Amino acid sequence: MEVNKKLALFGAKKEAQYLCSQIQENILGEVVAFVDNDSEKQGTYINDVPVVPIKKLQQMYGDNVGAVIISAKGSYSRWQIWCQLRECGIKNIGLFKYSYSDYEKKITNLDDCIIWLGDDEKPLMTYLEYNVTDSCNLKCKGCSHFSHLFDEDSVSDYNQFSKDLEQISKKVYLAHLRLMGGEPLLHPELCKFMEVARKILPYADINIVTNGLLIPSQDKELFETMRKHDIGFHITRYIPTDQQMTKISNVLKQENISYYIENECVQEFNKILDMRGNSDGTVSQEICQNKKCIFLRNGKLFKCPIEGMIEYFAEKYGYKNIPKARGVDIYDDKLNWEEIVRRYFNDPVEMCKFCSEKGETFKWKVQTQPQKEDWVARK
C-alpha cells in the first residue's frame with residue numbers, strides 16, 4: 001500500500017518500540033508519533049518520538065501523518081483501537097503482525113509485516129483459534145479444550161477447514177489465525193492445513209500453538225512448509241517442555257524456523273465449569289482466560305473453545321442441561337459480522353452461565369485418568 005511515509009504507531013509497548021526501531025534502522029519511513037490512550041504516557045518520549053493522545057493524532061493526520069499502524073498486542077486492544085480510529089475518520093490504517101516482534105525478525109519491507117485494512121467497510125476480526133487436532137500427547141489436567149476426551153486419531157477435516165476459512169475471509173479481515181489443539185503436530189496432514197491457510201489468508205499472522213515436545217521428531221517437510229509460508233511456532237511452556245527446551249531450540253535454530261516461547265512456565269490451571277448453569281455470565285466471563293478466544297469449529301463461530309466443545313464433556317459425564325443453540329452459523333447470509341465480533345469480545349453468551357464466577361486454581365499436572373472434578377469447581 002502506498003502511503004505518506006510519515007507514520008504514527010498506536011501503542012507504546014515493546015511491540016510498537018520494536019517496529020519503530022526497525023522502521024528507523026532500515027529507513028522504511030519516519031515515525032512521527034506514538035499514540036496511546038494512557039494519560040500517564042502522553043507527553044513523554046520514546047527514543048525522541050513523542051507519545052500523543054488520539055485528539056493530537058487527529059490534528060496531525062493528513063500532511064503530518066500518512067498512516068496509523070496499530071502496534072498493540074492483545075486481540076481485544078487491537079480491535080478496540082481499530083474501532084476508535086474509524087470513529088475518528090482515519091482511513092489509512094495498518095495492523096502490525098506482532099509475531100515479527102516475538103520472533104525478532106528483521107523488517108525490510110513494511111508490507112511484509114503490516115496488514116493494510118481497506119476502506120471497504122469489511123470488519124476486522126483480530127483473532128481466531130482452530131483445533132487441527134482434538135487429542136494431545138501431554139494431557140494436562142483440566143485442559144480447556146477437553147483433549148482427554150478424544151481418541152488419538154481425532155483430527156480435523158481438511159475440506160471443512162478450507163471451506164470454513166474461505167467463507168470467513170470473504171466476510172472479515174482476519175488478522176491472526178492460531179492452529180492448535182490438542183496438539184497440532186499429531187495431525188499427519190498438518191502441512192496441508194498450513195498451505196491452504198496461507199493461500200486463503202496471504203496477509204495474516206499464522207502460528208502453530210504447541211507444547212513443543214514433538215518438534216524434534218518432525219520430518220523436513222513440516223519445516224519446509226513453515227518456512228515457505230511464513231508460519232512460526234508459538235510454544236507454551238510446561239514442565240516437560242522445559243526439560244526438553246535445549247533440544248527443541250536447537251532443532252528450530254538448525255531448521256531456521258521462527259518461534260516464540262512463553263516467558264513463564266505454566267504452573268497452575270483453573271477449574272472453569274459450574275454445571276448448575278446459574279452463574280452470572282457477566283461475572284464469569286471477566287475471570288475467564290478464554291474470553292477473547294474466538295473459536296471456529298465445523299462451520300460455526302463460538303465465543304471460546306469451551307462453548308464450542310462443551311458437548312463432549314457433557315456427553316462423557318452425563319450432563320443434559322447445556323445450551324443446545326450455541327455458536328453462529330458462518331454461512332448465514334443475514335449475519336452482521338461486525339456485530340458478531342463486537343458481541344463475542346464484549347458480551348457473555350448463554351454458555352457463560354455454566355462457567356464458574358470464582359474459579360479454582362490447582363497445580364499443573366498430567367492427568368491420564370481424567371475425572372469430571374478436573375474441570376468442575378467446588379460449589
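Me: Which residues have the most contacts inside the largest nonpolar core?
Reply: In this predicted model, the largest nonpolar core has 94 residues. Helix 7 (residues 190-200) gives the most to this core, contributing 7 residues. Apart from it lies another core, of 24 residues, including Ile23 and Val51. Within the largest core, the residues with the most contacts are Leu85, Leu177, Phe233, Leu273 and Leu301.

Me: Is Val328 buried or exposed?
Reply: Val328 is placed in strand 18 (residues 328-329). Buried means under 20% relative accessible area. The relative accessibility of Val328 is 11%, so this residue counts as buried.

Me: What residues does Val328 contact, leaving aside its neighbours within four places in sequence?
Reply: Leu301, one of the residues with the most contacts inside the largest nonpolar core, touches Val328. Leu301 also touches Ile340 and Tyr344, among others. With sequence neighbours within four places left aside, the contacts of Val328 are Gly299, Lys300, Leu301, Leu335, Ile340, Arg343 and Tyr344.

Me: How far apart in space are Val328 and Glu268?
Reply: Along the sequence, Val328 and Glu268 are separated by 60 residues. Taken C-alpha to C-alpha, their separation in space is 32 Å.

Me: Why does the pair of Tyr130 and Phe161 count as stacked, edge-to-face or tilted?
Reply: A search of the whole structure finds 16 aromatic pairs. The ring centres of Tyr130 and Phe161 lie 4.6 Å apart, and their planes stand at 45 degrees. Planes under 30 degrees apart would count as stacked and those over 60 as edge-to-face. The angle of 45 degrees meets neither condition, so the pair is tilted.

Me: Which elements hold Tyr130 and Phe161?
Reply: Tyr130 and Phe161 are both buried. They are 31 residues apart, and their pair links distant parts of the chain. Tyr130 belongs to strand 9 (residues 128-131), and Phe161 to helix 6 (residues 158-171).

Me: Which residues do ring pairs link into a cluster with Phe146 and Trp375?
Reply: Phe146 and Trp375 form a tilted aromatic pair, with 5.8 Å centre to centre and 40 degrees between the planes. Phe146 is in the loop between strand 9 and helix 6, whereas Trp375 is in the segment after strand 19 (355-363), 229 residues apart. Both residues are buried. Ring pairs link Phe146 and Trp375 into a cluster with Phe313, Tyr317 and Tyr319.

Me: What is the distance from the charged end of Lys192 to the centre of the ring of Tyr158?
Reply: The charged end of Lys105 sits over the ring of Tyr100, 4.6 Å from its centre. The charged end of Lys192 likewise sits over the ring of Tyr158, and its distance from the ring centre is 4.3 Å.

Me: Which elements give two or more residues to the lining of the largest cavity?
Reply: There are 2 cavities of 30 Å³ or more, and the largest cavity holds about 80 Å³ of space. Its lining includes Ser284, Gln285, Cys288, Glu307 and Cys355. The elements that give two or more residues to this lining are helix 11 (281-286) and helix 12 (305-317).

Me: Which helix gives the most to the lining of the second largest pocket?
Reply: The second largest pocket contains about 280 Å³ of space. It is lined by 17 residues, of which Gly11, Asp36, Ala72, Ser77 and Ile81 lie nearest its centre. With 4 residues, the element that gives the most to this lining is helix 3 (residues 75-87).

Definitions and conventions. Residues numbered from 1 in each chain as written. Predicted model: local features only at pLDDT ≥ 70, side-chain atom pairs only at ≥ 80, totals over all residues. Heavy atoms only, no water. Buried < 20%, exposed > 50% of the residue type's maximum accessible area, 1.4 Å probe, protein only. Contact = heavy atoms within 4.5 Å. Core = buried A, V, L, I, M, F, W, Y, C linked by side-chain atoms within 4.5 Å. Phe/Tyr/Trp six-rings, centres within 6.5 Å; stacked < 30°, edge-to-face > 60°. Lys NZ or Arg CZ within 6 Å of the ring centre and 35° of its normal. 1 Å grid on protein atoms, 1.4 Å probe; cavity = no way out; pocket = protein on both sides within 12 Å on 5 of 7 lines; lining within 4 Å. Points joined across faces, edges and corners; volume = space filled by probe spheres on them.
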